[in-house]
Amino acid sequence: IRKAELARVRRNREKGLEFEERMFFRKSRHLVLFLTLNYKPKYREDVTLKTIQRHRDKFLDYMMADAHPLLGEINGLIWKLEEGKMSGGLHLHFLIFYSGKRRGDVMIARMVGEYWVDIITRGWGAYRNSNADKDRLEYRWGVGIGQVNRNLDPKRESLQLFIENYMAKSNQVPSERTKDDKLFGTRDFDR
């Protein structure tokens with residue numbers, strides 16, 4: 001890994017972990033959702049970096065504006081834009097800090113994914129709901145999604161490992177990328 005990549009990974013880790021700390025400082029419990037947002041195979045060749053950036057920004061704007069009651073309970077999120085041949089081309093990872101007053105993380109993550117498909121991408125989109133497949137995460141970092149509490153929660157430790165080792169990784173950089181393209185970010189809705 002080059003020095004620039006190592007520096008980017010370090011910055012992403014710091015930013016992601018500081019954001020996670022801020023979320024749990026503000027609220028003692030979150031329903032943590034993890035979705036991979038991508039596109040149906042028949043549309044993937046037509047999706048450019050600009051397309052996915054436009055969809056990402058539209059989704060974030062809709063969340064900020066509480067465009068739907070579902071989105072109004074999102075306290076914040078960490079996002080990562082990637083491109084991978086095995087993972088279906090350009091895609092986004094959304095690690096969402098949802099209202100801790102809610103239950104049913106699998107259903108809520110599905111509803112957020114369907115919102116991406118139906119409203120944001122107007123049918124082009126697809127998604128993977130990792131909350132419905134938590135066992136897949138267990139062997140790497142432990143399960144840091146679902147209901148996570150601030151204090152003495154092994155899930156929170158797993159969440160931090162996930163942010164450090166998955167969300168902040170440096171591979172799968174989009175081929176069209178310019179140096180000004182943001183590939184990692186956080187959004188605090190201050191709710």
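This predicted model has 5 helices and 6 strands. Walk along the sequence and the order you meet is α-β-α-β-β-α-β-α-β-α-β. As for overall size, the radius of gyration is 16 Å, close to the 16 Å that the globule rule gives for 191 residues, so the protein is as compact as a globular protein of that length.

Here are the whole-protein figures in one place:

| Property of the protein | Value |
|---|---|
| Span of the C-alpha trace along its principal axes | about 45 × 40 × 30 Å |
| Buried share of the 191 residues | 49% |
| Exposed area | about 9,900 Å² |
| Share of exposed area from carbon and sulfur atoms | 49% |
| Distance between mean positions of positive and negative charges | 1 Å |

On the contact side, take the pairs of residues at least 6 apart in sequence: 74% of those contacts join residues at least 24 apart. The charges number 38 positive and 27 negative.

Now for helix α1, which covers residues 3–26. What span should its 24 residues have? At 1.5 Å a residue the expectation is 34 Å, and the end C-alpha atoms are 35 Å apart, which agrees.

Which residues of α1 are buried? The list runs E5, A7, R8, V9, N12, G16, F19, E20, M23 and F24. An α-helix has 3.6 residues a turn, so residues three or four places apart point the same way. The cover over the buried residues of α1 includes the strands β1 (29–39), β2 (74–84), β3 (89–99), β5 (146–149) and β6 (184–188), along with helix α5 (154–167).

Technical notes. Residues numbered from 1 in each chain as written. Predicted model: local features only at pLDDT ≥ 70, side-chain atom pairs only at ≥ 80, totals over all residues. Heavy atoms only, no water. Helix = DSSP H or I, 4+ residues; strand = E, 2+ residues; numbered from the N terminus. Rg over C-alpha atoms; globule rule 2.2 N^0.38 Å. Buried < 20%, exposed > 50% of the residue type's maximum accessible area, 1.4 Å probe, protein only. Contact = heavy atoms within 4.5 Å. Areas by Shrake-Rupley, 256 points an atom, 1.4 Å probe, with all protein chains shown as cover. Lys, Arg positive; Asp, Glu negative; His and termini not counted. Charge placed at Lys NZ, Arg CZ, Asp CG, Glu CD. Expected span 1.5 Å × (residues − 1).
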